[in-house]
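Subject: Structure handover

Hello,

Here is the structure I promised to pass on to you. Please open it beside this message, as I refer to residues by number throughout.

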Amino acid sequence: MKRVIVALALLLSAMLSDAVMAQQSGPISSLGRRNMPEGQIAEGMPYNGTTKDLSWMYRELPPPRQVQTHDLIHIRVDERAQAFSDGEIDRKKSGQYAAILTDWIRLDGINSIKPSVQADGNQTIAGTLNQRLKSEAEMETSEGLKFTIAAEVQEILPNGTLKLEARKTITVNDEIWVYHLRGVCRTEDINPNNTVLSEHLADLTITKEDHGSVRDAYRRGWLLTLWDKVHWF
């Protein structure tokens, strides 16, 4: 990293020194003489040249690539997700109830109903209900996905953006890994080495599937899956 910073600083200083020398009076460098139009070479005469004319380190950028349908573009996937969650609940509930049955009836024969007085008085019911729920929960998750995949340009939209889709299948003995990716990117986001980062893709969908003995070792069975969905307790 330090070498890169030093190289950039030397490059910037060289460019600035060339620009200053181009605008001040004095001898003109051999590179400036080579790029000056004929008839303008004169000792001590200032020459307002561009960086291209005066810098030995100048390099022209390659022309933008013309992307066509069904071209292949490499995508570097480096997705990371991290979440923290902390929750606490403390709920209290209390209630009181009282019930009195004041009127009783009795059957007098088949066609007659008469009041019935209770010898021990009216029947009463009273009670108190107390309920409290206290719960604390804390969750921390961290996930990452990193791989490189070649995508095919499926469609070029009217505004110039590209619809990309990629699929990769890796088989090692009985183990199978299947990667599927779909997204939209701009042509400006494609690097000169024909790569684009996943963070520059819009409407990004990434799917990874595992098949084999390793996946079967930690796969949840149907009973455990049902238990987790129902939450019995």
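Below is what turned up, from the overall layout down to single residues.

Please keep in mind that this is a predicted model.

To begin with the layout, the protein has five helices and eight strands. Read from the N terminus, the order of elements is α-α-α-β-β-β-β-β-β-β-β-α-α. Of the 233 residues, 17% are buried. The exposed surface comes to about 18900 Å², and carbon and sulfur atoms account for 54% of that area. As for contacts between residues at least 6 apart in sequence, 57% of them join residues at least 24 apart.

Next, the interior. The largest nonpolar core contains 17 residues, and I73, I75, I149, L162, L164 and L181 have the most contacts inside it. At least two core residues come from each of β1 (72-101), β4 (123-156), β5 (162-172) and β6 (175-185). The largest share, four residues, is supplied by β4. As background, nonpolar side chains in soluble globular proteins tend to be buried together.

I73 is a good residue to click on here. Neighbours within four places in sequence aside, I73 is in contact with R65, V67, I149, A150, A151, V153, L162, L164, I190, N194 and V196. One of these partners, N194, sits in the loop between β6 and β7 (195-197). N194 is buried, because its relative accessible area is 17%, under the 20% cut-off. With the same kind of neighbours left aside, N194 is in contact with R65, L72, I73 and H74.

How many aromatic pairs are there? The count comes to one. F147 and Y179 make up this pair, which is tilted, with 4.6 Å from centre to centre and 40 degrees between the planes. F147 belongs to strand β4 and Y179 to strand β6, so the pair ties together parts that are 32 residues apart in sequence. F147 counts as buried at 12% relative accessibility, and Y179 counts as buried at 12% as well.

Now to the charged side chains. The search of the whole structure finds seven salt bridges, and three of the bridges are described here:

- R132 pairs with D90, their closest N and O atoms being 3.5 Å apart. This pair links distant parts of the chain, with R132 in strand β4 and D90 in strand β1, 42 residues apart. R132 is exposed at 52% relative accessibility, whereas D90 is partly exposed at 43%.
- K163 forms a salt bridge with E155, with 3.8 Å between the closest N and O atoms. K163 is partly exposed at 36% relative accessibility, and E155 is partly exposed at 39%.
- R186 bridges to D189, where the closest N and O atoms are 2.9 Å apart. R186 is partly exposed, with a relative accessible area of 44%, while D189 is buried, with 12%. Salt bridges with shared partners join R186, E188 and D189 into one network.

Last, the surface. Which residues form a nonpolar patch there? They are W222, L223, L226 and V230, which together have about 450 Å² of accessible area. L226 is part of helix α5 (residues 222-230), and L226 is partly exposed, with a relative accessible area of 41%.

Happy browsing, and best wishes!

Notes
Residues numbered from 1 in each chain as written. Predicted model: local features only at pLDDT ≥ 70, side-chain atom pairs only at ≥ 80, totals over all residues. Heavy atoms only, no water. Core = buried A, V, L, I, M, F, W, Y, C linked by side-chain atoms within 4.5 Å. Buried < 20%, exposed > 50% of the residue type's maximum accessible area, 1.4 Å probe, protein only. Contact = heavy atoms within 4.5 Å. Phe/Tyr/Trp six-rings, centres within 6.5 Å; stacked < 30°, edge-to-face > 60°. Areas by Shrake-Rupley, 256 points an atom, 1.4 Å probe, with all protein chains shown as cover. Patch = residues over 30% accessible without salt bridge, like charges linked within 9 Å, V, L, I, M, F, W, Y side chains within 5 Å. Salt bridge = Lys/Arg side-chain N within 4 Å of Asp/Glu carboxyl O.
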